[in-house]
Amino acid sequence: MKLQKQHTKSLLIIVLLMLLPNLATAEYRAVSVPKAIVYDSPSAQGKKLYLLGQGYPVEVIVNLAEWVKVRDQQGGLSWIDAKQLSTQRTLLIASPVEIKKNPEVGGVVVARLEKDVVVDLLEPAKNGWVKVKHRDGLVGFVQASAVWGL
């Protein structure tokens, strides 16, 4: 009986540890309209807080089907109409960065991007680098530490 309880506890701990990485994964979406209004509550009658431009990435905190509570790059929490978001993955450049041809510190520089530029995420982060595409068509790698939205 004691051995069975111990086995059950061990199995439960293993299952919880397996689920933990999934719980820690953040969900991100991008604004899909030219200008999206964000509110202080999940209603168009709520107080209008500010506008987010097309492509701006947001972290999903709560999804109520028609309204989504999101966090922006500065940590602000607000509500947005779910119809104004897409599942397209974008990133926000958090500090000036160079786009490299290859994921190497000494790699060839393709372009330089300033803070707050939105880029498309092409491939997930690997070894501290993420593959991105600028709206002008430039493709390359930036250091994951220089972007927000991963």
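**Close-up views of a predicted model**

**View 1. Two loop residues with positive phi, D116 and A65.** With a relative accessible area of 46%, D116 is partly exposed; this class lies between buried, under 20% relative accessible area, and exposed, over 50% (1.4 Å probe, protein chains only). The structure is a predicted model, in which local features need pLDDT of at least 70, side-chain atom pairs count only at pLDDT 80 or more, and totals for chains, interfaces and linings use all residues. Residues are numbered from 1 along each chain as its sequence is written, and side-chain values use heavy atoms, with hydrogens and water left out. D116 sits in the loop between β10 (109–113) and β11. Strands (E, at least two residues) and helices (H or I, at least four) are DSSP runs, numbered from the N terminus. The phi of D116 is positive, about 75°, although D116 is not a glycine. A65 also has a positive phi, near 75°, and is a residue other than glycine. The loop that holds A65 runs between β4 (57–63) and β5 (67–71). A65 counts as exposed because its relative accessibility is 60%.

**View 2. The whole chain and its confidence.** The chain has 14 strands and 1 helix. Of its 150 residues, 33% count as buried. Among contacts in the chain (heavy atoms within 4.5 Å) with a separation of 6 or more, 48% come from residues 24 or more positions apart. The mean pLDDT of the chain, on a scale of the predictor's confidence in each residue from 0 to 100, is 87, and 84% of the residues reach 70 or more. Residues 14–23 have a pLDDT below 50, and beyond near neighbours in sequence this stretch makes 0 contacts in the model. Where pLDDT is low, predicted coordinates should not be read in detail.

**View 3. The largest nonpolar core, with V31 and I80.** A nonpolar core is a set of buried Ala, Val, Leu, Ile, Met, Phe, Trp, Tyr and Cys residues joined through side-chain atoms within 4.5 Å. The largest one has 15 residues, and V31, V68, I80 and L85 have the most contacts inside it. The elements that each give two or more residues to this core are β1 (27–31), β2 (35–39), β4 and β5. Another core lies apart from it, with 13 residues, among them L91, L121, V130 and V142. Apart from neighbours within four places in sequence, V31 is in contact with A36, L52, G53, Q54, G55, Y56, I80, Q84 and L85. I80 belongs to strand β6 (residues 77–81) and counts as buried because its relative accessibility is 0%. Not counting residues up to four places away in sequence, I80 touches V31, A36, I37, V38, E66, W67, V68, V70 and L85. I80 and A36 are 44 residues apart along the chain, and their C-alpha atoms are separated by 7.5 Å.

**View 4. Strand β4, with E59 and I61.** E59, in strand β4, is buried, with a relative accessible area of 17%. Leaving aside neighbours within four places in sequence, the contacts of E59 are A26, E27, Y28, K69, V70, R71 and W148. I61 lies in strand β4 and is partly exposed, at 33% relative accessible area. I61 touches K69, V70, R71 and L77, not counting residues up to four places away in sequence. From I61 to R71, 10 residues apart in sequence, the C-alpha to C-alpha distance is 6.8 Å.

**View 5. The loop residue A144.** A144 is part of the loop between β13 (139–143) and β14 (147–148). A144 is buried, with a relative accessible area of 18%. Beyond neighbours within four places in sequence, A144 is in contact with A125, G128, W129, V130 and L150. The C-alpha atoms of A144 and L91 are 9.9 Å apart, with their positions 53 residues apart along the chain.

**View 6. The largest pocket.** A pocket is found on a 1 Å grid over the protein atoms alone, as an open set of points where a 1.4 Å probe fits, with protein on both sides within 12 Å along at least five of seven lines; its lining residues have an atom within 4 Å of a point. The largest pocket has a volume of about 220 Å³, where volume is the space filled by probe spheres set on the points, joined across faces, edges and corners. The pocket is lined by 14 residues, of which Q54, G55, V118, D120 and R135 are the closest to its centre. Strand β11 (residues 118–126) gives the largest share of the lining, 3 residues. The lining divides into 4 nonpolar, 7 polar and 3 charged residues; Ala, Val, Leu, Ile, Met, Phe, Trp, Tyr, Cys and Pro count as nonpolar, Asp, Glu, Lys and Arg as charged, and the others, Gly among them, as polar.
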